[in-house]
Amino acid sequence: MGPVKAALLNKELGIKTLRQLLVYYPYKYIDKSRIHKINEIDGNMPYVQLVGRILSTEEAGAGRTKRLISHFSDGTGVVDLVWFQGLKYIVKSLQPGKPILVFGKPTLFNSRIQITHPEMEDAPDNVHTTTHEMTGLFGTTHERMTYEATPSFAFKPIYNTSERMKKGFLNSSALAKITANMFKLLKEPFEETLPSYIIEEYRLISYDEAIRNIHYPSSPDMLRKAQLRLKFEELFYVQMNILRYAKTRQNNTHGLMFGIVGDSFNTFYRDCLPFPLTNAQKRVIKEIRSDMRSGKQMNRLVQGDVGSGKTLVALMCALIAVDNGYQACLMAPTEILAEQHLETLRGFLKDMKVNVELLTGSVKGKRRDMVLQDLLSGKTNILVGTHAVIEDNVVFNSLGLVIIDEQHRFGVAQRAKLWRKNEVSPHVLVMTATPIPRTLAMTLYGDLDVSVIDELPPGRKPIKTIHRFDSHREQIYNMMRHELQTGRQVYIVYPLIQEKEKYVPQIDADYSFEGKDGSNVLSPTARKRQESLDMKNLEDGYTQICKAFPEYKVGKVHGKLKPAEKDIEMEAFASGQTQILVATTVIEVGVNVPNASVMIIENAERFGLSQLHQLRGRVGRGADQSYCVLVTNFKISETTRKRVQIMVDSSDGFEIAEEDLKLRGPGDLEGTQQSGMAFDLKIANLARDGQILTFARAAANKVITTDPDENNGQNTMIWRKLKEMRDTNINWGAIS
Ligand code: ADP
Ligand code: MG
């Protein structure tokens, strides 16, 4: 490979060595035995392979929407091949009339099937063309050619590549050539990476066979075996790391001793608590309390559905830290949420002498200096903030407890920085409302102790969730009107794509490109288009609502507003000045308006299930019956229909997360993307490979328990590989 391509590979994928390239597995294979006919494909199909020729090519659009369209036919129909980028180069490379093989994902756009940025290569040698005589409308005779390739067994590996790589002539086919070449040059078999007794017990194939077959499967069966072997190995080492770390931690992580429950806690409990704690809250506080006085560092995850009252639990634990002469820090993922936490905590503590301060990116200048100073002097007891608190110049007097709300968005490395803010690592409490399925939890949190708040405060009625097509708008308006007339308020939420955000819908997306992690992400152009479309939908929706409900006041919030404008709108809704709020997901976190009883979610298919669950949690906060209406188009895919049905059927966050995991895979689950897992899994899929995970965990457990001193010669390779992993990954020790 030349230096330019090598540099590109390094920059885009971080691949510098052959070994790294070796473990850059294909994310799928084209089954070369299957060539589709254009008349049998539709916009919902995954990737297809077509053989045919380009009839004609034209340019369309201007400026940002400028694109090249080739009309491609195999004799059974026509699809449009579309390019938005590299037009000049593409035009030159096209050879109209010549049989070519095209690979890509068909989508439906303006009722035409199109494939954006397809991969193309010369048609395989075994292509036959058949000429048909056809009688046209006016009796003229047309010639029609059908292209057919004889099926033969061969899997072609498909590697993820970035747009930049494609432009630099490093597309999947180019990578495939490089890997093929690599295997040709390799003389020796690859060294084994698992002890033979494990390989035998689980009937695995050798590492050498596996690695060759994962790139170039010799048969479907060998591909399956190669996948099994590599998944097992990957999960085995993840589990080894977790279990080994757990063992060390159990043995010797020294922690702060919070021996007493003192004035702050007791006064608050006796005099300031506005309502009795639920039994679940009591239990969880007890669990946390016993951790904090054990002399070991606490690493606990608190799971509790939306509205289960986690903030109060966090506060009471912070008070224990304060009683023991330490500071506590509550971290939230967004500024809005941090501000709301500040307000909530100050509200709860209004009659007490506990100082709560806020530190976010927006706290600047003199104010910031003050906050930092009070933190260092110890005047501040509880600091609420965003990731801004991680910065090195934020120094605590004595940090004893870190509470991370919605921890998914904090990476391991970020969290590790917090540990170091006190001589002895502070206790750590992680709180999440996004319930995590068991298999994920086993891997993400391995050894974390888990507490569950499995009870909602009393007096809440379950929210009724219904699915409506957007063509039934009158029905939806009627129910809104009914609720408004009884004095309730209504949210209407529209999707709005955000800069750098993954395009959640994925399933029904137009113009979707394959992203680096195998998910659909939009090109910058398509993203801009989507964004302006989203804004238009929201504005149109707003106008429509104003027209349909002239007797009510309608507010509007979205991420494009300045924070002050947003606050004014939110305040107006919270105080009841506006009765209907048209919004984007900015209201997902941090809004508490108990009088709002209807949540209408437009384009519900565009949201992740956990996100829908969060949104739905914005209503049902008062004593009245609340409703959530999921609005979708009539034409939705089977998967979307299932997803919507799950929301209708279940109000249990755990169940929803499990189902979501099954349908979408963990890569798409809210948060896991940014979870900062040191192990980002290359091949195993926690949604589908639960069984393999169980075996891998058992095998790892056996190694840990039968060879505690790590001196069994058969296991040497395990310790060596673990060390290698540690040297190449970020801080494993801080997985918690
Ligand atoms: P979440 O777990 O989603 O963070 P919050 O902490 O925001 O939930 O609590 C939701 C609402 O329930 C808040 O208004 C809070 O004051 C209230 N709440 C918390 N605990 C109780 C309780 N034991 N009884 C009644 N209301 C409670
Ligand atoms: Mg919360």
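Which strands does helix α19 lie across? Helix α19, residues 609–616, lies across β19, β20, β25 and β26. The model described in this report is predicted.

## The six-strand sheet

The strands just named belong to an open sheet of six strands. Their order is β19-β26-β25-β20-β24-β23, and the pairing is parallel. At the edges stand β19 (464–469) and β23 (554–557). Each of these two has a single partner strand, so one of its sides has no neighbour in the sheet. Direction ignored, neighbouring strands are turned against each other by 20° on average.

Strand β25 (residues 596–601) and strand β26 (residues 627–632) run parallel and are joined by four bridges. In this part of the sheet, Ile601 stands opposite Leu630 of β26. In general, the strands of a sheet pair through backbone hydrogen bonds, in either a parallel or an antiparallel way.

## Helices on the six-strand sheet

Helix α19 runs at about 155° to β25. Another helix, α20 (residues 638–649), lies across β19 and β26. The direction of α20 is at about 150° to β19.

## The seven-strand sheet

A further open sheet has seven strands, in the order β14-β15-β13-β16-β17-β12-β18, again with parallel pairing. Its edge strands are β14 (356–359) and β18 (449–453), each of which pairs on one side only. From one strand to the next, the twist averages 20°.

At one edge, β14 runs parallel to strand β15 (residues 382–385), and four bridges join the two. Val356 has Ile382 of β15 opposite it.

## Helices on the seven-strand sheet

Helix α12 (residues 335–348) packs on this sheet and touches β13 (327–331), β14, β15 and β16 (399–405). The direction of α12 makes about 175° with that of β14.

Helix α13 (residues 365–377) also packs on the sheet, where it touches β13, β14 and β15. Its direction makes about 130° with that of β14.

## Two helices in contact

Helix α9 (residues 263–272) meets helix α11: their axes come within 7 Å and cross at roughly 145°. From α9, the contact is made by Asp263, Ser264, Phe265, Phe268 and Tyr269. From α11, the residues are Leu312, Leu315, Met316, Leu319, Ile320, Val322 and Asp323. Sorted by class, this contact has nine nonpolar, one polar and two charged residues.

## The surroundings of ligand 1

Helix α11 (residues 310–323) also takes part in the shell around ligand 1, where it gives the most, with three residues. How many residues surround ligand 1? There are 17, and the closest are Gln281, Gly307, Lys310, Thr311 and Arg460. The shell has six nonpolar, seven polar and four charged residues.

Some atoms of the protein and the ligand can be paired by distance. A backbone N or O atom of Pro276 lies 2.9 Å from a nitrogen atom of ligand 1. In the side chain of Gln281, an N or O atom is 2.8 Å from a nitrogen atom of the ligand. The side chain of Thr311 has an N or O atom 2.7 Å from an oxygen atom of ligand 1. Taken alone, ligand 1 exposes 570 Å², and the protein buries 79% of that.

Key:
Residues numbered from 1 in each chain as written. Chains lettered and ligands numbered in written order. Predicted model: local features only at pLDDT ≥ 70, side-chain atom pairs only at ≥ 80, totals over all residues. Heavy atoms only, no water. Near = heavy atom within 4 Å. Polar contact = N/O pair within 3.5 Å; in protein donor to acceptor, adjacent residues only side chain to side chain. Areas by Shrake-Rupley, 256 points an atom, 1.4 Å probe, with all protein chains shown as cover. Nonpolar A, V, L, I, M, F, W, Y, C, P; charged D, E, K, R; others polar. Axes fitted to C-alpha atoms, helices over the stretch in contact; angles between N-to-C directions. Contact = heavy atoms within 4.5 Å. Pairing = 2+ DSSP bridges.
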